[in-house]
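Hi,

Here is the structure I said I would pass on. Have a look at it first, and then read my notes underneath.

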Amino acid sequence: MELSVVVLAGGQGQRMGGLDKGLVAFNNRKMIEWVLDSVRPFATQLMISCNRNITDYMSLADSVVCDRIAGSLGPLAGVHAAMESMTATHLMVLPCDTPKISRAVIEQLIEVAQLHPQAIVFLKDAEFVHPLHAIVPLSLKSSLEDYLLAGGRAVRKWYYQHPVVEVPVAAVDRAGLVNINSSADLESLG
């Protein structure tokens with residue numbers, strides 16, 4: 001399975017005081033750099049989806065994509081933009097604000113996606129579903145575009161229109177999926 005990868009960094013960072021979360025320092029590096037380093041060995045194409053600070057992101061990946069459908073449509077707009085530019089059959093989606101994600105979890109996600117190539121595969125732990133840690137077949141691009149143009153925004157609502165596989169994450173790996181959404185989160189995880 002060839003994977004294009006997109007790291008989503010298009011949010012407005014409201015809970016982070018308006019800062020661009022991907023560029024916020026975590027353990028002396030940009031938060032997004034930790035995610036990119038974890039996923040780079042698995043990517044045939046590495047993209048960052050962002051709608052601001054584009055030049056700051058350009059040197060970190062193969063390319064940068066911006067929302068192609070206007071209106072601040074949320075993370076699925078970033079997924080759509082990546083699908084418009086991708087070269088592989090499947091798109092791995094990761095958020096920029098989980099810098100502690102492990103390669104083992106990424107490998108687990110890929111292994112399950114290889115067994116279910118027509119499904120949307122995403123992570124789930126005992127407490128939460130992690131829909132932005134996913135692998136999506138390129139064949140669903142038109143469906144996603146139709147969903148967005150019809151006003152859809154909810155990630156899981158679109159996912160469940162298609163075959164899905166939820167990949168259970170072991171308790172030991174759960175800490176790597178914690179999102180850093182605020183300065184308090186940054187301090188507690190740093």
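Below is what I found in it, going from the sheet to a helix and then to one loop residue.

Before anything else, please keep in mind that this is a predicted model.

Start with the sheet. Seven strands make up an open sheet with mixed pairing, and their order is β5-β4-β1-β6-β8-β7-β9. At the edges you'll find β5 (63-65) and β9 (164-168), each of which pairs on one side only. On average, neighbouring strands here are turned by 25 degrees against each other, direction ignored.

If you want one strand to look at, take β6 (residues 90-95). Is β6 mostly covered or mostly open? Mostly covered: six of its six residues are buried. His90, Met92 and Leu94 point one way from the strand, Leu91, Val93 and Pro95 point the other way, and all are buried.

You can also follow the pairing of β6 on both counts. With β1 the pairing is parallel and runs over six bridges, and there Ser4 stands opposite Leu91 of β6. With β8 (residues 129-137), β6 runs antiparallel, and four bridges join the two. Here Met92 has Ile135 in β8 as its bridge partner.

Towards the β5 edge, β4 (residues 45-49) and β5 run parallel and are joined by three bridges. One pair to click on is Ser49 with its bridge partner Val65 in β5.

Now for helix α5 (residues 141-149). Which residues of α5 are buried? They are Leu144, Tyr147 and Leu148. Looking down the axis of α5, you'll see these buried residues fall within an arc of 95 degrees, so they line one face of the helix. Asp146 and Leu149, on the other side of α5, are exposed. Part of what covers the buried residues comes from other helices, including α3 (75-85) and α6 (155-159). After α5 comes Gly151, with a positive phi near 100 degrees.

Last, a loop residue: Asp20, which lies between β1 (3-8) and β2 (25-26). Why does Asp20 count as buried? Because its relative accessibility is 7%, and the cut-off for buried is under 20%. If you set aside the neighbours within four places in sequence, Asp20 is in contact with Ala9, Arg52, Asn53 and Tyr57.

That's what I have for now. Happy to go through any of it with you.

Cheers

Technical notes
Residues are numbered from 1 along each chain as its sequence is written. This is a predicted model: local features need pLDDT of at least 70, side-chain atom pairs count only at pLDDT 80 or more; totals for chains, interfaces and linings use all residues. Side-chain values use heavy atoms; hydrogens and water are left out. Two strands pair if DSSP finds at least two bridges between them. Axes are lines fitted to C-alpha atoms, for helices over the stretch in contact, and angles run from 0 to 180 degrees between N-to-C directions. Buried means under 20% relative accessible area, exposed over 50%, partly exposed in between (1.4 Å probe, protein chains only). The arc is that of the directions from the helix axis to the C-beta atoms. Contact means heavy atoms within 4.5 Å.
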